[in-house]
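Got your viewer open? Grab the mouse and let's take a walk through this model, one selection at a time.

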Amino acid sequence: MTVVLFISSVSSVLSDELLIKNILPLARSLAFDPVANIRFASVGALESLYSRLDKKTLQEQVKPVLESLEEDKDVDVKVAAAQALKNL
């Protein structure tokens, strides 16, 4: 959970290159964690990156992850992902 909070906290101050090469892949990987609370929090971490990512990156790297989470077995994860997709 600490990593998810870290992503949300530092996303606004990192360079675009660091964000895309290091932070985005980390945020995406957390979406597939076996713990539902981590998957739920990963949605917020991905949302915190929206304003820093271009449309192509959002469509190719973020949207598919959120669409996958929309099919999650945990109801809270599903709802969070659906809302995040609406905000995309």
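Let's begin with a single residue: is Ala-27 buried or exposed? Select Ala-27 and look: its relative accessibility is 0%, so Ala-27 counts as buried. Here, buried means under 20% relative accessible area, exposed means over 50%, and partly exposed is in between, with a 1.4 Å probe and protein chains only.

Two notes before we go on. This is a predicted model, where local features need pLDDT of at least 70, side-chain atom pairs count only at pLDDT 80 or more, and totals for chains, interfaces and linings use all residues. Residues are numbered from 1 along each chain as its sequence is written, and side-chain values use heavy atoms, with hydrogens and water left out.

**Stop 1: the whole chain**

Switch to a cartoon view. You should find five helices and zero strands, in the order α-α-α-α-α as you read along the sequence. The chain's radius of gyration is 12 Å, close to the 12 Å that the globule rule gives for 88 residues, so the chain is as compact as a globular protein of that length. On terms: helices (H or I, at least four residues) and strands (E, at least two) are DSSP runs, numbered from the N terminus. The radius of gyration is taken over C-alpha atoms, and the globule rule is 2.2 Å times the number of residues to the power 0.38.

Show the C-alpha atoms alone, and they fill a box of roughly 35 × 25 × 15 Å along the principal axes. Of the 88 residues, 36% are buried.

**Stop 2: the core**

Now select Leu-49, Val-62 and Leu-66. These three have the most contacts inside the largest nonpolar core, which has 24 residues. Helix H2 (16-30), helix H3 (36-49), helix H4 (55-69) and helix H5 (75-87) are the elements that give two or more residues to this core. A nonpolar core is a set of buried Ala, Val, Leu, Ile, Met, Phe, Trp, Tyr and Cys residues joined through side-chain atoms within 4.5 Å. In soluble globular proteins, nonpolar side chains tend to be buried together.

Keep Leu-49 selected. What does Leu-49 touch, not counting residues up to four places away in sequence? The list is Ile-7, Ser-11, Leu-19, Ile-23, Leu-24 and Ala-27. Contact means heavy atoms within 4.5 Å.

**Stop 3: along helix H2**

Go back to Ala-27, which is found in helix H2. Leaving out residues up to four places away in sequence, Ala-27 touches Ile-7, Ser-42, Leu-46 and Leu-49. Draw a C-alpha distance from Ala-27 to Tyr-50: they are 23 residues apart along the chain and separated by 12 Å.

Also in helix H2 is Leu-30, which is buried with a relative accessible area of 13%. Try a C-alpha distance from Leu-30 to Val-3: 8.8 Å, with their positions 27 residues apart along the chain.

**Stop 4: a loop residue**

Select Asp-72 in the loop between H4 and H5. Asp-72 is at 10% relative accessibility, so it counts as buried. Which residues does Asp-72 touch, not counting residues up to four places away in sequence? They are Arg-39, Val-77 and Lys-78.

**Stop 5: out to the surface**

Next, pick Lys-56 in helix H4. Lys-56 is exposed, with a relative accessible area of 56%. From Lys-56 to Asp-74, you go 18 residues in sequence and 28 Å in space, C-alpha to C-alpha.

Finish on Gln-83 in helix H5. At 40% relative accessibility, Gln-83 counts as partly exposed. Gln-83 and Leu-66 are 17 residues apart in sequence, and their C-alpha atoms are 9.5 Å apart.
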